[in-house]
Amino acid sequence: QVRLVESGGGSVQPGGSLRLSCDLSGYPYDSMCMGWFRQAPGMEREGVAIVDRDGQKRYRDSVKGRFTISQENAKNTLILQMNNLKPEDTAMYYCIIDRRRIATYCLLGTPDIWGQGTMVNVSS
């Protein structure tokens with residue numbers, strides 16, 4: 001059974017940092033993207049950061065230079081390091097799997113598997 005379990009969310013002041021972690025068990029596809037989406041109140045879900053099977057990474061323009069996606073533990077753990085957080089980063093963050101294999105497509109598309117989400121609140 002495929003399972004994604006996120007952790008690391010919380011509340012932080014603008015300019016602060018958080019490190020999100022996703023533990024993955026079960027691989028439904030031979031090749032796939034893994035990454036993070038988010039959904040702010042009243043907004044649609046949007047791609048934040050993606051890494052594909054070749055290690056290629058893509059980021060949403062608004063987080064470039066601030067967020068870093070990485071893999072640990074033989075790709076069973078997915079990390080999102082978030083620095084210089086802004087109020088507009090406030091959202092529910094979801095660990096995702098996409099059966100497509102090109103990072104650019106995965107960032108813009110609709111993921112196939114979602115975690116339960118972890119809340120990030122950035123405010124003073």
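Are cysteine 22 and cysteine 95 buried or exposed? In this predicted model, both cysteine 22 and cysteine 95 are buried. The report takes up the disulfides, then the strand pairing, and finally the largest pocket.

**Disulfides**

A search of the whole structure finds 2 disulfides. One of them joins cysteine 22 to cysteine 95, with an S to S distance of 2.1 Å. This link connects distant parts of the chain: cysteine 22 belongs to strand β3 (residues 18-25) and cysteine 95 to strand β9, 73 residues apart. The link of cysteine 22 and cysteine 95 is left-handed, with -80 degrees about the S-S bond.

Another disulfide joins cysteine 33 to cysteine 106, with an S to S distance of 2.1 Å. Because cysteine 33 lies in strand β4 and cysteine 106 in helix α1, the pair ties together parts that are 73 residues apart in sequence. The torsion about the S-S bond of cysteine 33 and cysteine 106 is about 75 degrees, so this disulfide is right-handed. Burial is defined as under 20% relative accessible area. Cysteine 33, with a relative accessible area of 0%, is therefore buried. The value for cysteine 106 is 0% as well, so cysteine 106 is buried. When the bonded cysteines of the protein are numbered in sequence order, the pairing reads 1-3, 2-4.

**Strand pairing**

Strand β9 (residues 91-98), which holds cysteine 95, has 7 of its 8 residues buried, so β9 is largely enclosed by the rest of the structure. The pairings of β9 with β4, β11 and β10, together with that of β7 and β8, are set out below.

| Strand pair | Sense | Bridges |
|---|---|---|
| β4 (residues 33-39) and β9 | antiparallel | 7 bridges |
| β9 and β11 (residues 118-122) | antiparallel | 3 bridges |
| β9 and β10 (residues 113-114) | antiparallel | 2 bridges |
| β7 (residues 67-72) and β8 (residues 77-82) | antiparallel | 6 bridges |

Individual residue partners locate these pairings along the chain. Between β4 and β9, glycine 35 stands opposite isoleucine 96. Alanine 91 has valine 120 in β11 as its bridge partner, while isoleucine 97 is matched with isoleucine 113 in β10. In a regular strand, side chains alternate between the two faces of the sheet.

Strands β7 and β8 form a hairpin with 4 residues between them. Within this pair, the bridge partner of serine 70 is isoleucine 79 in β8. Asparagine 73, in the turn, has a positive phi of about 55 degrees.

**Largest pocket**

What is the volume of the largest pocket? The volume is about 160 Å³. Its lining consists of Phe37, Arg45, Glu46, Gly47, Arg60, Leu107, Leu108, Gly109, Thr110, Pro111 and Trp114. By class, the lining residues divide into 5 nonpolar, 3 polar and 3 charged.

Which elements each supply at least two residues of this lining? They are β5 (46-51) and α1 (103-108). Helix α1 also contains cysteine 106 of the disulfide to cysteine 33 in strand β4.

Technical notes:
Residues are numbered from 1 along each chain as its sequence is written. This is a predicted model: local features need pLDDT of at least 70, side-chain atom pairs count only at pLDDT 80 or more; totals for chains, interfaces and linings use all residues. Side-chain values use heavy atoms; hydrogens and water are left out. Buried means under 20% relative accessible area, exposed over 50%, partly exposed in between (1.4 Å probe, protein chains only). Two strands pair if DSSP finds at least two bridges between them. On a 1 Å grid over the protein atoms alone, a cavity is a set of points where a 1.4 Å probe fits but cannot get out, and a pocket is an open set with protein on both sides within 12 Å along at least five of seven lines; lining residues have an atom within 4 Å of a point. Grid points are joined across faces, edges and corners, and a volume is the space filled by probe spheres set on the points. Ala, Val, Leu, Ile, Met, Phe, Trp, Tyr, Cys and Pro count as nonpolar, Asp, Glu, Lys and Arg as charged, and the others, Gly among them, as polar. A disulfide is a pair of cysteine sulfur atoms within 2.5 Å.
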